[in-house]
Amino acid sequence: MTTDSHPAFIDFEASSLDLIASYPIEVGLCMPDSTLHSWLIAPHVLWQDWSDSAERIHGISRATLEAEGTSVRDVAHHLNELLPEQVFCDAWTFDSFWLHRLFRAAKVRPEFQLESISTLLDTQQVREWSAVRQEVIVELGLPVHRAANDALILHKTWERIRPEDSAPLPSADHSHQA
């Protein structure tokens with residue numbers, strides 16, 4: 001699971017950025033040991049929102065989701081099986097919305113808490129984050145806006161920015177409930 005200095009990271013791609021109608025279309029994880037997992041998510045019957053501009057960014061069509069996506073219930077179960085008590089993201093407002101929408105459609109409760117990456121960073125690290133993230137993106141040479149790649153970028157940026165004697169991860173007592 002998680003170690004004191006190696007968190008798990010999660011990222012979502014979505015149908016759009018509309019926080020009323022959008023839904024998750026892909027989720028990616030980077031585990032503390034750098035193992036990657038990702039799933040395309042088959043749209044739930046009630047999920048109709050679609051943005052052509054979002055599709056141009058992530059490159060995933062609704063037809064691909066319908067043909068190749070994993071059911072919301074199966075994705076929710078995979079996340080509960082794999083994730084430690086806490087998982088971190090870089091866009092908490094959006095990611096928590098999509099996580100909640102996924103689990104609600106699956107009728108499953110998340111067994112982990114979603115935290116903002118900012119809870120792991122001090123003021124200096126917050127200032128450095130964007131530049132270091134950009135360096136990591138260039139060095140990895142991976143396309144962005146694919147969930148597993150973006151989760152790996154979070155992991156690699158964290159590895160580079162954290163102090164060698166980093167403090168333990170914050171306790172779950174101060175987490176945002178997913």
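Which residues lie nearest the centre of the largest pocket? In this predicted model, they are Phe-12, Glu-13, Leu-17, Trp-98 and His-145, which belong to a lining of 20 residues. The volume of this pocket is about 410 Å³. At least two lining residues come from each of β1, α1 (52-58), α4 and α6 (147-161). Sorted by class, the lining of the largest pocket holds nine nonpolar, five polar and six charged residues.

The second largest pocket has a volume of about 180 Å³. Its lining consists of Ala-21, His-44, Leu-46, Trp-47, Gln-48, Phe-97, His-100, Arg-101, Arg-104 and Ala-105. Five of these residues are nonpolar, three are polar and two are charged.

The interior was examined next. In soluble globular proteins, nonpolar side chains tend to be buried together. The largest nonpolar core in the model is made up of 32 residues. Within this core, the residues with the most contacts are Ile-10, Val-27, Leu-79, Leu-83, Leu-102 and Phe-103. Two or more core residues are given by each of the strands β1 (9-14), β2 (24-30), β3 (36-40) and β4 (86-89), and by each of the helices α3 (72-82) and α4 (92-106). Helix α4 provides the largest share, seven residues. Helix α4 is also among the elements that supply at least two residues to the lining of the largest pocket, as is strand β1.

The surroundings of Leu-79 illustrate how parts of the chain meet. With neighbours within four places in sequence left aside, Leu-79 is in contact with Val-27, Leu-29, Trp-39, Leu-99, Leu-102, Phe-103 and Phe-112. A second core, separate from the largest one, has 13 residues. Among them are Leu-120, Ile-137, Trp-158 and Ile-161.

Val-72, in helix α3, was considered in the same way. Is Val-72 buried or exposed? Val-72 counts as buried because its relative accessibility is 9%, and the cut-off for buried is under 20%. When residues up to four places away in sequence are not counted, Val-72 touches Ile-41, Ala-42, His-44, Trp-47, Leu-102, Ala-105 and Ala-106. One of these contacts, His-44, is 28 residues from Val-72 in sequence, yet the C-alpha to C-alpha distance between the two is 6.9 Å. Three residues touched by Val-72, namely His-44, Trp-47 and Ala-105, also appear in the lining of the second largest pocket. Leu-102 is touched by Val-72 and is in contact with Leu-79.

Key: Residues numbered from 1 in each chain as written. Predicted model: local features only at pLDDT ≥ 70, side-chain atom pairs only at ≥ 80, totals over all residues. Heavy atoms only, no water. Core = buried A, V, L, I, M, F, W, Y, C linked by side-chain atoms within 4.5 Å. Buried < 20%, exposed > 50% of the residue type's maximum accessible area, 1.4 Å probe, protein only. Helix = DSSP H or I, 4+ residues; strand = E, 2+ residues; numbered from the N terminus. Contact = heavy atoms within 4.5 Å. 1 Å grid on protein atoms, 1.4 Å probe; cavity = no way out; pocket = protein on both sides within 12 Å on 5 of 7 lines; lining within 4 Å. Points joined across faces, edges and corners; volume = space filled by probe spheres on them. Nonpolar A, V, L, I, M, F, W, Y, C, P; charged D, E, K, R; others polar.
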